[in-house]
Amino acid sequence: MAGPRHPVSVCAVALVQTEGLQTFAFSVRWSDDSNTFVRRTWDEFRRLHKTLKETFPVEAGLLRRSNRALPKLPDASLLVRGGRTGRGLARLRLLETYAQTLLADECMPWGLALTSFFWPQSQDLEPRLPPGSLVILPVPEEPPPSPVGSLSISSLEILSLHCLQPFSTQDTQGRPFHVQAQEALDVLLRHPSGSQFCASRAYEGSQADELSVPAGARVRVLEMSDRGWWLCRFGGRTGLLPSVLLQPDGLGMLLSGPGLHCGAEGGEDREGEAQSSPEPKATTLPPTVPARPLLSAIQSRCCAITRRALGQDPVGQGPP
């Protein structure tokens, strides 16, 4: 597939309804082992399909039907149960199958077009959804098994959700857990290791202890500081990132969890939980990346004991 960084798998995770607009949220796994959440409309997928047909007529089967390699983009029936929301969830599943089929064969020539299509856009990098947004989470029929005693929580965030239809599952102790339609729930969002943030733009580390991240990458913040640099983990590495480039991953907080990314097997999905997005805060342009002080400047501010331990201050010759 073209380009040094390209999508390798796509997993549908939610239907987002904002007034009269429906967008479909996907978790995209990239070739550098990073993943991002993106939202696209049905019309955007239709335009992508039309562009692929016009650009690759042979693979689209326009010249000879037997040469067709481009998958079809079917639409959901108008008779789907659940009205507009039910049809949106059906489209979500169809779009997931369509995108997975496009990415299945890396030898196909539309790799560059898919990279451009799934590349994070401005709305994907916003820390919050538009006001009044409704996030509908498809829930597997069977809850994924979790090892006993594997729960590790270091930070919690609480969201108030409403269940759209009756739902049954198990709690962390394996006991039955039942929810009725329209019942309000306080949902605890688990973060196994630190809080999750999203990189608002790409950053290339200039020192050995800094991380390099692409735009839209989701990182774990292990330690915050008011000095402008946070200790983060991304791509299996731990290092420093400028805090001004990191913002809360609003959609990611709702959709984080096991089995979201490609390769997760599951049965037929159904309507799950819904979340009304809070009012967004005023956004301002991020400040410039703060300069990191030189090692000599840091050592010059250390006390005599620390400098002596570092070998920078002879014994008995501390600062006046």
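In what order do the five strands of the open sheet with antiparallel pairing stand? In this predicted model, the order is β12-β11-β10-β9-β13, and the sheet is open, with its strands paired in the antiparallel sense. The edges are occupied by β12 (237–242) and β13 (246–248), and because each of these strands has a single partner, one side of each is left without a neighbour in the sheet. From one strand to the next, the twist averages 50°. Within this arrangement, β9 (residues 195–199) and β10 (residues 218–223) pair over four bridges, again in the antiparallel sense, and the residue of β10 that serves as the bridge partner of Gln196 is Arg220.

Strands β1, β2 and β3 were examined next. Ten bridges join β1 to β2, and these two strands run antiparallel; Gln17 stands opposite Gln22 of β2 in this pairing. Strand β2 is also joined to β3 by seven bridges, and this pair likewise runs antiparallel, with Thr36 of β3 as the bridge partner of Val28. Eight of the ten residues of β2 are buried, so this strand is largely enclosed by the rest of the structure.

Each of the two hairpins contains a residue with a positive phi. Most residues other than glycine have a negative phi. Glu19, which is not a glycine, nevertheless has a positive phi of about 55°, and this residue is found in the loop between β1 (7–18) and β2 (21–30), where the hairpin has two residues between the strands. Asp33, also not a glycine, has a positive phi of about 70°; its place is in the loop between β2 and β3 (35–41), in a hairpin that has four residues between the strands. Both loop residues are exposed: the relative accessible area is 75% for Glu19 and 52% for Asp33, and the latter counts as exposed because the cut-off is over 50%.

Aromatic contacts were then considered. A search of the whole structure finds eight aromatic pairs. In one of them, the rings of Phe45 and Phe117 have their centres 4.9 Å apart and their planes at 70°, so that the pair is edge-to-face. Since Phe45 lies in helix α1 and Phe117 in helix α3 (residues 111–118), this pair ties together parts that are 72 residues apart in sequence. Both Phe45 and Phe117 are buried. Phe45 also forms an edge-to-face pair with Phe118, at 6.5 Å centre to centre and with 65° between the planes; because Phe118 lies in helix α3 while Phe45 lies in helix α1, the parts tied together here are 73 residues apart in sequence. The relative accessible area is 0% for Phe45 and 1% for Phe118, so both residues fall under the 20% that defines burial. Together with Phe26, the residues Phe45, Phe117 and Phe118 form one aromatic cluster.

A nonpolar patch was identified on the surface. Val58, Leu62 and Leu63 make this patch, which covers about 310 Å². Of these residues, Leu63 is found in the loop between α1 (42–55) and α2 (83–104), and with a relative accessible area of 68% Leu63 is exposed. Helix α1 thus borders the loop that holds Leu63, and helix α1 also contains the buried Phe45.

Conventions
Residues are numbered from 1 along each chain as its sequence is written. This is a predicted model: local features need pLDDT of at least 70, side-chain atom pairs count only at pLDDT 80 or more; totals for chains, interfaces and linings use all residues. Side-chain values use heavy atoms; hydrogens and water are left out. Patches are made of residues with over 30% relative accessible area and no salt bridge: like charges are joined within 9 Å, nonpolar side chains (Val, Leu, Ile, Met, Phe, Trp, Tyr) within 5 Å. Accessible areas come from the Shrake-Rupley method with a 1.4 Å probe; for residues, only the protein chains shown count as cover. A salt bridge is a side-chain nitrogen of Lys or Arg within 4 Å of a carboxyl oxygen of Asp or Glu. Buried means under 20% relative accessible area, exposed over 50%, partly exposed in between (1.4 Å probe, protein chains only). Two strands pair if DSSP finds at least two bridges between them. Axes are lines fitted to C-alpha atoms, for helices over the stretch in contact, and angles run from 0 to 180 degrees between N-to-C directions. Rings of Phe, Tyr and Trp (its six-membered ring) pair if their centres lie within 6.5 Å; planes under 30 degrees apart count as stacked, over 60 as edge-to-face and the rest as tilted.
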